[in-house]
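Please open the model in your viewer and keep the selection panel at hand. The stops below are meant to be followed in order, with the side chains switched on at each one.

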Amino acid sequence: MEVFYYLVFGGLSAIVAVLELSKTVKDRVATSPAFNAFKNNYIVVYSLMMAGDWLQGPYVYYLYSQYGFDKGDIGRLFIAGFGSSMLFGTIVGSLADKQGRKRACITYCMTYILSCITKHSPEYKVLMVGRILGGIATSLLFSSFESWLVAEHNKRGFDPQWLSITFSKAIFLGNGLIAIVSGLFANFVADTLGFGPVAPFDSAACFLAIGMAIILSSWSENFGDPSESKDLMGQFKAAAVAIASDEKIALLGAIQSLFEGSMYTFVFLWTPALSQNDEDIPHGFIFATFMLSSMLGSSIASRLMARSTLKVESYMQLVFAVSAFTLLLPIISTFLLAPSDVKGSSVSFGGSIQLLGFCVFEVCVGIFWPSMMKMRSHYIPEEARSTIMNFFRIPLNLFVCIVLYNVNAFPITIMFGMCSIFLFMACVLQRRLMVVADIYKSNVPYCH
């Protein structure tokens with residue numbers, strides 16, 4: 001493997017280490033022992049849940065191909081996962097608000113464990129059921145845990161400012177360190193120990209079971225709207241009314257869909273972008289580098305959110321603008337740099353520039369997650385939090401399904417250009433959100 005990759009990884013590691021070790025009193029918020037115990041418990045559970053998710057990623061496509069399915073068959077399986085998340089996500093989100101968030105988190109563990117078990121079957125129908133279960137689980141992962149945390153944090157009377165500490169730490173570990181370790185661990189059990197491509201899914205099920213045991217033994221239940229007066233359609237209506245009547249919630253949903261839609265599209269595009277001429281690239285190492293970049297982003301976010309004078313709505317405009325530019329780099333390099341003529345050669349100069357740009361994009365992703373969580377905790381009403389959060393995921397999942405279905409229909413530069421436009425739109429909407437938030441500040445005090 002080329003020295004260039006080690007230099008990028010080493011450089012990012014050094015920056016993350018310096019940022020984390022050099023935090024001053026201004027970067028740290030004084031908290032209570034009770035809050036620290038609560039935060040640590042949540043971070044352990046969240047990390048186990050994310051390990052259950054990340055362990056599956058590197059081998060899911062490979063496993064399907066080992067069972068003899070072609071690109072079209074595998075594409076349909078992926079579409080089933082996103083489609084399931086889109087169709088059932090809102091329903092499970094509403095049930096989480098009504099039946100209890102703790103119960104929803106346990107349901108996530110059980111659903112994902114069942115999804116992992118289906119990977120042992122080479123039958124297409126069984127694998128399809130597994131993808132549908134995985135889609136439902138994904139909706140629960142990205143709504144129920146956050147909803148439980150926000151409600152429990154407020155119920156225990158902790159300072160609202162402290163929420164951002166839990167968010168940034170959870171992303172730093174769960175979406176950064178855990179992702180890197182999970183990739184290495186999946187490789188270890190599947191290849192080094194020789195257990196094959198199903199082994200990471202069995203490992204994921206074990207981590208999910210451990211997390212479920214901790215939830216059952218240490219979490220208390222909380223609800224969105226526990227009243228019996230609202231049925232499922234009533235909750236949908238209440239969530240839709242909240243989005244339609246409050247511009248801040250509608251803007252937040254649009255921003256989230258635009259950014260996450262671009263992010264999930266990027267997941268499918270980075271490999272062909274870096275190896276347009278069949279260049280030999282280390283996929284696993286590049287994935288780890290991206291996750292390290294995301295860790296850097298969450299570390300930066302924790303510093304930004306510790307500043308009481310700095311608004312999330314303000315700095316996120318710059319984050320979206322920078323991310324829009326980074327996804328223009330594949331288009332710029334196509335026009336300015338001649339592609340390599342040698343098939344299967346090492347990474348080209350243009351590929352190197354793109355890789356650095358993609359790392360910056362992943363830094364933006366690392367800043368986005370905790371910052372978006374902070375804004376959601378402030379703007380989304382508690383009684384329908386999970387329902388509204390899953391409403392936000394409907395256009396996101398629809399967009400990803402359309403992209404997956406047409407992934408071979410458009411040149412890669414068109415796809416990146418589309419993502420860049422979406423990110424620029426997110427920047428404009430973020431500006432609007434800041435303006436609207438300032439107008440409403442007198443009615444709804446902003447919690448720094």
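Begin by selecting E152, which counts as buried because its relative accessibility is 2%. Bear in mind throughout that this is a predicted model. With E152 displayed, add K155, whose side chain meets that of E152 in a salt bridge with a nitrogen-to-oxygen distance of 3.4 Å. Both residues belong to helix 7, where E152 and K155 are three residues apart, or about one turn of the helix. Now extend the selection to R156, since E152, K155 and R156 are linked in a network of salt bridges.

Stay on helix 7 (144-155) and move to E146, which forms a salt bridge with R376, the closest N and O atoms being 2.6 Å apart. Because E146 lies in helix 7 and R376 in helix 15, this pair ties together parts of the chain that are 230 residues apart in sequence. Are these two partners, E146 and R376, buried or exposed? Both E146 and R376 are buried.

Keep E146 and R376 on screen and turn to the space beside them. Rolling a probe the size of a water molecule over the atoms shows where empty space is left. The structure holds four cavities of 30 Å³ or more, and the largest cavity has a volume of about 100 Å³. To centre the view on the largest cavity, select L141, F142, E146, M373 and R376, which lie nearest its centre among the 13 residues of its lining. Colouring by helix is useful here, as helix 2 (33-54), helix 7 (144-155), helix 11 (247-274), helix 15 (349-379) and helix 16 (385-405) each supply at least two residues of that lining. Which helix gives the largest share of the lining of the largest cavity? That share, three residues, comes from helix 15.

From helix 11, go next to E247, which forms a salt bridge with R432, their closest N and O atoms being 2.8 Å apart. This pair links distant parts of the chain, with R432 in helix 17 (residues 412-440) and E247 in helix 11, 185 residues apart. R432 is partly exposed, with a relative accessible area of 38%, and E247 is also partly exposed, with a relative accessible area of 32%. In total, the structure holds nine salt bridges.

Now select K119, in the loop between helix 5 (101-118) and helix 6 (124-141). K119 is buried yet has no salt bridge, and the nearest side chain of opposite charge, that of D53, is 9.9 Å away. Show the surroundings of K119 as well: leaving aside residues up to four places away in sequence, K119 touches V60, L63, Y64, Y67, L127, G130, V198 and F201.

The last stop concerns the cysteines. How many disulfides does the structure contain? The count comes to zero disulfides. C206, for one, is in no disulfide, and the nearest cysteine sulfur, that of C116, is 9.3 Å away. Finish with C419, which counts as buried because its relative accessibility is 0%. The sulfur of C419 is 14 Å from the closest cysteine sulfur, in C364, and so is too far away for a bond.

Note on methods. Residues numbered from 1 in each chain as written. Predicted model: local features only at pLDDT ≥ 70, side-chain atom pairs only at ≥ 80, totals over all residues. Heavy atoms only, no water. Disulfide = S-S within 2.5 Å. Buried < 20%, exposed > 50% of the residue type's maximum accessible area, 1.4 Å probe, protein only. Helix = DSSP H or I, 4+ residues; strand = E, 2+ residues; numbered from the N terminus. Lys, Arg positive; Asp, Glu negative; His and termini not counted. Salt bridge = Lys/Arg side-chain N within 4 Å of Asp/Glu carboxyl O. Contact = heavy atoms within 4.5 Å. 1 Å grid on protein atoms, 1.4 Å probe; cavity = no way out; pocket = protein on both sides within 12 Å on 5 of 7 lines; lining within 4 Å. Points joined across faces, edges and corners; volume = space filled by probe spheres on them.
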